Structure formats: C-alpha cells, structure tokens
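Student: Could you take me through one part of this model up close? I'd like to start with a single loop and then see what surrounds the other parts you find worth a look.

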Amino acid sequence: MTENSRQVICLDGPSGVGKGTICLAVAEHLGWHILDSGSLYRITALQFSRKFPEREVSTVDESQLVDIACNLSVSYLQENHHLVILLDGENVTGIIRNEKIGAIASQIATIPLVRDALLARQRAFLQAPGLVADGRDMGTVVFPHSVLKIYLTASPEERAQRRYKQLKDKGIGVSLSSLVEALRQRDDRDMNRKTAPLKPASDAIVIDTTRLTIEQVTDEVMSWVLQRVSIA
Ligand code: C5P
C-alpha cells in the first residue's frame, strides 16, 4: 500500500441517501476525481437490456454478463457540477437512472464474476491527487485502506419520498408506495447477497441522514474530510 493509495474517501450506503450529490461536492472542494461505481453496474445493466431485450438476468449465461462488463467503452466528464456518462460516445446519464435499469443492475451486482470484472476498472479511477468513491462496497472491498470511510443511511420511507419528489419535479408520475416497495427489494438484494453485501466497514463513520438536509450532510462529511485528509 502506498501513501497515495490512502487518498480515497469512500461514501457507501443504500440508494437515495444523497451519495452522488455529496460525492460531487466533496470532490469539487478537494479537486479530486470521482468514482460513481453504481453507474458501472447500471451501464452493464443497460447493455444487457439492449443485447437481450425481454430476457431476465437469471436466464442468461453468466459468462455473457461478464463479457459485457469487461467490454464497456465508458467515459466520464465532470461538467457544471454534474457527472456526464458516455457509453460508446452516447450520453447515457439519464437513461441509466431509471428504476428498471436500477433493478437489473442490482440483480447483475449479485454475480461475483461480474463484480470481479468491474474491480480493476474501479481501482483505476484512483489517480493523483485523490479520489472520492461512491457505492456499496467502496470501504469494505474496493478501497479497504482508504483514509476516510463514511456510511450514509436513511429510512426507506424517507429515501422513497426523496426519489418521489425528484421524479415529480421532472414531471414523471409514480406512486410512492411502488417506490418504497422497489427500494425495499433493492436494499434486500444489496444487503443480503453473498459477495460484497452492502454494510458499513468496521471503521466507517455512520451518518443517519433521515432528518438532515443535503447541505447538513455535506457539511458533516466535509468536517470529517478536513480532520482526516491531508490536502497538498
Ligand atoms: O448506486 P446506484 O443506485 O447507482 O447502484 C445501482 C446498483 O448497483 C445498486 O442497487 C447495487 O446493486 C449495485 N452496486 C453495487 N456495488 C456498488 C455500486 C452499486 O453492487 N459499489
């Protein structure tokens, strides 16, 4: 382990806790790189759904999923406080966020060979001066020696409520109860899978965001960053 390999801040937790927004804010503050690891699972899911329309994940040979994960031609641009995600040059930032792709991603993410296929790609994001990594297993598996591990939580009802508001603001109508149910299913798969289940690392700082605004969470995370991280 080099000292540089410690220059990673891990932000783990279930969906809907604001990891993406906080990750971007911290990375911009420090001038560090970003890893949105969930997007790699989502892009794998998108490619799967395009290659095998109408098929269930469980009906496809694992080697074909690994093949998809190994051959993603993906690039990221940080623009105007947003992360733009390109797949073979196509902007897929919006498409990969839909609920269906999220559900497929969490099924694909239970397959150990797919996780292995994405591991080196995730670690390659660590470049000087440092990396802020967002996901489920950043602190437990991908960057176990990171200098700071934060685990964000919030009740499923609160997370569904936040998602409901986001979709409503975009003019997309869904029922709150269906969002709660989908979140519970995704949490269940993410927390109970055998490989790299979602859980706080033993040395993680756990922050319950249920009653906090995104600004309050960002401030709390930044106060930990300033205590732990040596900024050149
Ligand atoms: O974070 P996001 O909601 O984009 O992740 C989509 C799915 O990808 C998650 O529900 C999870 O199943 C999977 N994932 C994972 N490990 C990560 C990041 C995401 O298993 N580090």
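**A loop, then outwards**

Tutor: Let's start in the loop between helix 5 (112–123) and strand 6 (131–135), where you'll find proline 129. Keep in mind as we go that this is a predicted model. Now look at the link leading into that proline: the peptide bond from alanine 128 to proline 129 is cis, and its omega is near 5°. For background, most peptide bonds are trans, and most residues other than glycine have a negative phi. So much for the peptide bond; let's turn to phi.

For that, go to the loop between helix 2 and helix 3, which holds glutamate 54. Glutamate 54 isn't a glycine, yet its phi is positive, at about 70°.

Glu54 also turns up in the lining of the second largest pocket, so to speak in company: the other residues there are Phe48, Ser49, Phe52, Pro53, Arg55, Glu56, Val57, Lys100, Ile104 and Gln107. The space in that second largest pocket comes to about 190 Å³. Who supplies the lining? Helix 2 and helix 4 (99–108) each put in at least two residues, and helix 4 gives the most, with three. Sorted by class, the lining of this pocket has five nonpolar, four charged and two polar residues.

Stay with helix 2 for a moment and look at its neighbour. Two packed helices are described by the angle between their axes and the distance between the axes. For helix 2 (residues 37–51) and helix 3 (residues 62–70), the axes come within 9 Å and cross at roughly 125°. Helix 2 and helix 3 are therefore oblique to each other, and helix 2 passes helix 3 in a right-handed crossing. On the helix 2 side, the contact is made by Thr44, Gln47, Phe48 and Lys51, and on the helix 3 side by Leu65, Asp67, Ile68 and Ala69. As for their classes, four of the residues in this contact are nonpolar, two are polar and two are charged. You may recognise Phe48: it appears in this contact and also in the lining of the second largest pocket.

Here's another pair to set beside that one. Helix 1 (residues 19–30) and helix 9 (residues 214–228) have axes 10 Å apart and pack at an angle of about 45°. Helix 1 and helix 9 are therefore oblique to each other, and helix 1 passes helix 9 in a right-handed crossing. Zoom in and you'll see Thr21, Ile22, Ala25, Val26, His29 and Leu30 of helix 1 meeting Ile214, Val217, Thr218, Val221, Met222 and Val225 of helix 9. This contact has nine nonpolar residues, three polar ones and no charged ones.

Last stop: the inside. The structure has one cavity of 30 Å³ or more, and the largest cavity holds about 40 Å³ of space. Around the largest cavity sit Asp12, Gly139, Lys149, Ile150, Tyr151, Lys199, Pro200, Ala201 and Ala204. Strand 7 (residues 148–153) gives the most to the lining of the largest cavity, with three residues. By class, that lining is made of five nonpolar, three charged and one polar.

Methods
Residues numbered from 1 in each chain as written. Predicted model: local features only at pLDDT ≥ 70, side-chain atom pairs only at ≥ 80, totals over all residues. Heavy atoms only, no water. Axes fitted to C-alpha atoms, helices over the stretch in contact; angles between N-to-C directions. Helix = DSSP H or I, 4+ residues; strand = E, 2+ residues; numbered from the N terminus. Parallel < 35°, antiparallel > 145°, perpendicular 65-115°, else oblique. Left-handed = near helix turned anticlockwise from the far one by under 90°. Contact = heavy atoms within 4.5 Å. Nonpolar A, V, L, I, M, F, W, Y, C, P; charged D, E, K, R; others polar. 1 Å grid on protein atoms, 1.4 Å probe; cavity = no way out; pocket = protein on both sides within 12 Å on 5 of 7 lines; lining within 4 Å. Points joined across faces, edges and corners; volume = space filled by probe spheres on them.
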